[in-house]
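Subject: Structure for your review

Hello,

Here is the structure we discussed, with sequence and coordinates together. My notes follow below it.

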Amino acid sequence: MQVRFLATVIYCSLAAGAFTTFGTSPVRCAETTAPEAANTNAAERAEVVLTEHARQLHAASLVVDGHNDMPWEIRKQASSSFEKMDISQPQPTLQTDIPRLRQGGVGAQFWSVWVPVDLGYRGEALATTLEQIELVKRMMARYPDTFELALTADDIERVHRSGKIASLIGVEGGHCIEESLSALEKLHTLGARYMTLTHTDSLNWADSGTDEARSNGLAPFGQQVVRKMNELGMMVDLSHVSAKTMHDTLDISTAPVIFSHSSSFAVCQHPRNVPDDVLTRLKKLDGVVMLNFYSGYVVPSAARITIESSLVKREFKKRYDDPLRVEQEMKRWQAKHKFPRGSIHDLLDHVDQIAKIAGPEQIGLGSDFDGVELLPKQLEDVGCYPFITQGLIDRGYSDEEIKGMLGGNLLRVMRKVESRAVKK
Ligand SMILES: [Zn+2]
């Protein structure tokens, strides 16, 4: 497996000689990272220039984004208060606010109610996730002319027609259910319409792409989780999971699956990107890869540093029992290990690869805005989406294919998931 191979070659050394690896057969990195990474050719490609065709096509499309982490940033930067951080006004410390959502022509947004995996080890993940769902609902209540909750694909279209941004809830990481199927049901009842099976850490029942394997893919409880989600009509999200977990899930899921924020492994070899053999299966089973914009997952030369960075963070966490100290050490490390941000063309390279293997019908958008620090040029914030439409036109995709990639493909998959739910 390519991913297994990758896992064995990213074995990297840390300052004090401590070593760690995702894989089982350690091989040391041949080199350390350069303090200032050189610009890639990709970063030098010409800027995308908006045409009238792109503006009109964009305005006529329903743009759906699969993953935005603003809720956690509101919690972190503004103590969960929209009074302290009024997103109807420009917010320079965020990648998201209402003026830029409007500028980007966003029609529907899945708001991530992510909570850190560490809370799972302390038994606080579920309670904190419930607080984050509450926060998203307060946002809708605070800005009723802008946002409205959507629970179905029909809702998305209805809310969009009314001129508002359809707002959906996505749970990121199975640690949130604390190994309880009734917790999963509760999250669905409260409005969550997808759950990412893992975040950065492997669970007892599903392996992450960025941790050692603990459950050999999807363990029996993981299979129960997938079946329960199929039954509820809740989308199974395979972003973050290991390739083995992806395959195990595709073996048993009775409904199409999504990747709410992932890109192509063939283009950028980060273990949380989607390998071609999974894309081939996704085409057969129908599913959608909603592309992550993060430079560390889309720019090929950035992936290795990103991988090393998460290994280093894991080591710092073991070494220092203080989240603040870990953050400080990471900042120091990152300052010495910069990587290129790339440009919108790097993202479009992922589109081409996935279209080649699976077809444009299996592609969507899942920015990861406000969950990542470095973004490619012309993809800096939620105002960027029209550039993607233009970039897709420039690469020769038809208007229909582009409408699908902007949101239509997700709507089709979501409807299929809904139709396969067990009616009560
Ligand atoms: Zn994520």
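Just after α7, Gly163 takes a positive phi of about 90°. Please bear in mind throughout that this is a predicted model.

The helix that leads up to Gly163 is α7, residues 153–161, where Ala153, Ile156, Val159 and His160 are buried. Viewed down the axis of α7, these buried residues fall within an arc of 125°, so they line one face of the helix. The spacing is what one would look for, because an α-helix has 3.6 residues a turn and residues three or four places apart point the same way. What do the buried residues of α7 pack against? Their partners are four strands and a helix: β3 (63–68), β4 (106–112), β5 (147–149), β6 (165–172) and α17 (399–419).

Of these partners, β3 has 6 of its 6 residues buried, so this strand is largely enclosed by the rest of the structure. It pairs with β4 in the parallel sense, over 4 bridges. Within that pairing, Asn68 has Trp111 in β4 as its bridge partner.

A helix pair comes next. Two packed helices are described by the angle between their axes and the distance between the axes. For α8 (residues 181–189) and α9 (residues 220–232), the axes come within 11 Å and cross at roughly 30°. Angles under 35 degrees count as roughly parallel, so α8 is roughly parallel to α9. The crossing of the two is right-handed. On the α8 side the contact involves Leu181, Leu184, Glu185 and His188, which meet Gln224, Val225, Lys228 and Leu232 in α9.

One residue in α16 (residues 385–394) also deserves a note, namely Phe387. Is Phe387 buried or exposed? Phe387 has 23 other C-beta atoms within 10 Å and therefore counts as buried, the cut-off being 20 or more. Leaving aside residues up to four places away in sequence, Phe387 touches Val48, Leu50, Ile344 and Gln378. Thr51 lies 336 residues from Phe387 in sequence, yet their C-alpha atoms are 9.5 Å apart in space.

As for the whole protein, there are 17 helices and 11 strands. Buried residues make up 50% of the 424 residues. Among contacts with a separation of 6 or more, 73% join residues 24 or more positions apart.

Regards

Conventions
Residues numbered from 1 in each chain as written. Predicted model: local features only at pLDDT ≥ 70, side-chain atom pairs only at ≥ 80, totals over all residues. Buried ≥ 20, exposed ≤ 12 C-beta atoms within 10 Å, placed from the backbone. Contact = placed C-beta atoms within 7 Å. Arc of directions from axis to C-beta. Pairing = 2+ DSSP bridges. Axes fitted to C-alpha atoms, helices over the stretch in contact; angles between N-to-C directions. Parallel < 35°, antiparallel > 145°, perpendicular 65-115°, else oblique. Left-handed = near helix turned anticlockwise from the far one by under 90°.
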